[in-house]
Structures are given as C-alpha cells and as structure tokens.
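Dear colleague,

I am handing over the structure shown below, together with a short account of what was found in it. Please keep it open while you read.

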Amino acid sequence: MQVLSSFMTDPIAPWPGELVAVGAGEVFVRSAPAPEGAEPVLFVHGLGGSATNWTDLMDLLRRPPADRPDEPALACAALDLPGFGFSPVLASGPRPGGVYSIDDMARTVCDLIDTRGNWPVHLVGNSMGGAVCVRVAARRPDLVRTLTLIAPALPDLRPRLLPMRVTVLCVPRVGPWLLKRAQQRISAADRTAVSIRDIYADPTLMDPKRLAEETAELVRRDGLGYAGEVLLAAGRGLVAEYVRRGPRSLWRDAIRVTAPTLVIYGSHDRLVRPAMAAPAARAFRGGRVMVLSRTGHVAMMEHPGLVAKEMRELFAGARRPALAPAPAGGDAARR
C-alpha cells in the first residue's frame with residue numbers, strides 16, 4: 001500500500017501517433033502538441049522498447065519551465081523503430097535468423113528526419129537507440145543540432161550477466177526456443193516485472209498504471225507473428241557492433257560527433273556499466289558526461305525531471321553564439 005499511495009495523480013496517457021512513410025516502409029511516430037516553429041526533438045528507444053518510453057519526458061520538455069517562460073518551445077516526437085511498438089516490419093527484413101543492424105536503424109532515423117523536413121533536430125537515444133543516434137550524428141551531422149545519450153549501448157566487452165543473456169538469445173535456434181519457452185511458461189505480468197527490475201534501480205518508481213500498460217503491450221506483441229524475430233535480429237545487430245573494429249566502429253563514430261553532446265549513465269545500471277562514462281568523456285570531446293546516483297538503465301523513465309533539466313541546459317548552450325574552440329583535451333564539462 002505504501003507504493004500505491006506515493007502516486008498521487010494518474011500518469012498521462014501515451015501521446016497520439018501516426019504512421020509516417022520512410023524509405024521502403026512506414027514507422028509509427030508519437031508527437032506531443034507544439035506551436036508552429038518549435039525546435040524539433042526526436043527520441044529513439046532501446047532494444048525491446050518503444051516510443052512510449054519517452055512519454056513523461058516529452059511532457060516535461062514540450063512546455064517552457066515556469067522559471068524560464070521565454071525559452072523556445074520544443075516539438076517532441078518519438079518513433080517506434082521498424083518492428084517495435086506499432087511500427088510494421090520493413091519490407092527489406094529481417095528474415096528468420098537474420099540481422100537488423102544499427103546501420104539499418106540509423107538509415108530509418110535519417111529517412112524520418114529528412115521526410116519531416118524540420119532538421120536539424122535535438123536527437124535523443126536510450127541504450128540501443130543511443131548507439132543508433134551516435135551513428136546518425138557521426139554520418140549525418142547536418143541532421144543533428146544536439147545529441148543526448150542515456151545509457152548508450154556502446155561497445156564494452158567486459159562480461160556482465162544481463163548483456164550476456166542478450167548474447168545467448170542471439171545464438172541461432174537457441175534464442176527463438178528460449179523466447180517461445182518464456183511465453184509459454186511465464187505470464188506477461190511476471191515477464192514485465194522481471195524487465196522492470198532489470199532496468200530500474202528502484203522498481204517502485206514505476207507507477208502501477210504504467211506497469212499495467214507495459215503488461216498489456218507485451219500481451220499485444222505476443223500475438224504478433226514477427227515480434228520475437230525482430231527482437232532477436234536487433235540483438236544480433238547490436239552484438240555485431242560490439243565486436244566491430246576499425247573506422248566504422250561505434251567508438252570511432254563517437255569521436256566524429258561534432259554536435260553538442262550530453263551523455264547520462266546510471267550508477268546502478270545492470271546493462272551498461274557506469275564506468276563507461278570514462279571512455280565516453282574521452283570520445284565525445286565537446287560533450288558533458290555524468291553519472292546519476294540511484295539510477296538504472298532508463299533515467300528518462302526513472303527521473304524524467306532531472307533528465308529534462310540537464311537536456312534544457314544542453315539546448316540552451318547550443319543556442320548561444322559559438323566560442324573559440326578549446327584546446328585538445330581541454331575544458332569540456334564532465335560530472
């Protein structure tokens with residue numbers, strides 16, 4: 001009862017959305033109301049996530065804060081990557097046993113930004129979506145005004161239990177068998193509860209109605225013929241990036257990013273080590289890197305107010321006139 005009493009108001013409903021044509025298919029995009037001329041912000045979810053992961057953060061960002069009423073308005077939109085959420089699978093794949101690569105996802109994000117015609121955008125990604133956004137910012141800098149990464153899935157070969165579970169799921173024939181077995185033997189409510197424990201530092205922070213929404217969405221996706229294969233194919237694509245070396249690796253992409261960048265890690269993240277803040281600070285040379293205390297893998301869901309505050313600082317800095325470049329290895333703010 002203590003957990004229930006801590007939620008005094010109902011959470012807002014997911015933002016409405018529509019299918020938008022991109023490249024060879026369509027993606028589902030949820031948008032918050034915004035006035036004409038508002039600065040565009042685009043959010044990209046992680047593996048197994050969807051556009052609804054950004055609902056509360058979008059609500060906080062869409063209006064200027066009370067203490068800064070003159071701040072420009074923000075036009076917040078979040079997409080479901082192909083095959084996730086309400087987006088259909090693109091005609092180009094993935095096929096059973098295939099790979100849904102970070103390049104594929106980055107191409108979709110670029111196509112969406114181009115189609116909407118309101119770039120450059122403030123680009124925001126979580127986990128796998130963070131890796132996608134790094135690739136977009138490195139390969140298409142003209143599309144990105146600022147870059148915000150929340151627990152980005154950048155290569156880290158140090159073994160950890162949860163990432164190793166993802167790797168096991170990518171093994172041919174093993175992954176599909178494990179997913180089917182889980183669907184048959186574990187209820188959607190219990191699978192949702194396990195996922196929340198994996199990604200939240202404190203699972204009681206999730207509103208019970210949000211938990212019910214997540215469970216209902218899992219039931220819906222269990223009924224789709226392609227959901228499991230999309231999850232596995234995207235996992236294979238992420239694992240492939242972790243072992244890639246050379247000029248096309250994600251860490252090399254990070255070094256190429258020129259947009260003002262904010263990188264947020266969680267002190268209690270079970271998927272992405274908070275210690276990765278150190279190599280991130282070296283790679284994103286013009287960026288600000290921080291580790292939030294008592295935070296897991298999804299800071300935008302656990303502490304949306306704090307994330308919104310840090311993002312507003314990033315956006316405000318990007319609007320100021322450019323200063324002379326700092327010396328190499330110089331005064332980029334790190335926390």
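The paragraphs that follow deal with one helix, then with salt bridges, and last with some points in the backbone.

Please note at the outset that this is a predicted model.

A helix

Helix H9 covers residues 227-242 and has 16 residues. From its first C-alpha to its last it reaches 23 Å, close to the 22 Å expected at 1.5 Å a residue. H9 is mostly covered, with 12 of its 16 residues buried. Among the buried residues are Ala227, Val230, Leu232, Leu238 and Tyr242. Charged residues also appear in that buried set, including Glu229, Arg236 and Glu241. Glu241 will return below as a member of a network of salt bridges.

Salt bridges

Side chains of opposite charge can pair when their charged atoms come close. In this model the count comes to 25 salt bridges. Three pairs and one network are described here.

The first pair to examine is Asp104 and Arg107, whose side chains meet in a salt bridge at 3.2 Å, N to O. How far apart are Asp104 and Arg107 in helix H3? They are 3 residues apart in H3, which spans residues 102-116, and therefore are separated by about one helical turn. Asp104 is partly exposed, with a relative accessible area of 27%. Arg107 is likewise partly exposed, at 48%.

A second pair is formed by Asp156 and Arg273, with the closest N and O atoms 2.8 Å apart. This pair links distant parts of the chain, the two residues being 117 residues apart. Asp156 is in the loop between strand S6 (144-150) and helix H5 (161-169), whereas Arg273 is in the loop between strand S7 (261-266) and helix H11 (277-283). Are these partners buried or exposed? Asp156 counts as buried because its relative accessibility is 17%, under the 20% limit for that class. Arg273 is buried too, with a relative accessible area of 17%.

The third pair joins Arg220 to Glu217, and here the closest N and O atoms are 2.7 Å apart. Both residues lie in helix H8 (residues 208-222), 3 residues apart, or about one turn of the helix. Arg220 is partly exposed, its relative accessible area being 27%.

Beyond these pairs, a network of salt bridges links Asp103, Arg135, Arg139, Glu241, Arg244, Arg248, Asp253 and Arg256. Glu241, one of the members of this network, is also one of the buried residues of H9.

Points in the backbone

Which peptide bond is cis? The bond from Trp119 to Pro120 is cis, with omega near 0 degrees. Pro120 lies in the loop between H3 and strand S5 (121-126).

Two residues deserve a look for their phi values. Ala151 has a positive phi of about 50 degrees, although it is not a glycine. Ala151 is placed in the loop between S6 and H5, and it counts as buried, at 1% relative accessibility. Arg294 also has a positive phi, near 50 degrees, and is a residue other than glycine. Arg294 lies in the loop between strand S8 (288-292) and helix H12 (299-302). With a relative accessible area of 62%, Arg294 is exposed, whereas Ala151 is buried.

With kind regards

Technical notes:
Residues are numbered from 1 along each chain as its sequence is written. This is a predicted model: local features need pLDDT of at least 70, side-chain atom pairs count only at pLDDT 80 or more; totals for chains, interfaces and linings use all residues. Side-chain values use heavy atoms; hydrogens and water are left out. Helices (H or I, at least four residues) and strands (E, at least two) are DSSP runs, numbered from the N terminus. The expected span of a helix is 1.5 Å times one less than its number of residues. Buried means under 20% relative accessible area, exposed over 50%, partly exposed in between (1.4 Å probe, protein chains only). A salt bridge is a side-chain nitrogen of Lys or Arg within 4 Å of a carboxyl oxygen of Asp or Glu.
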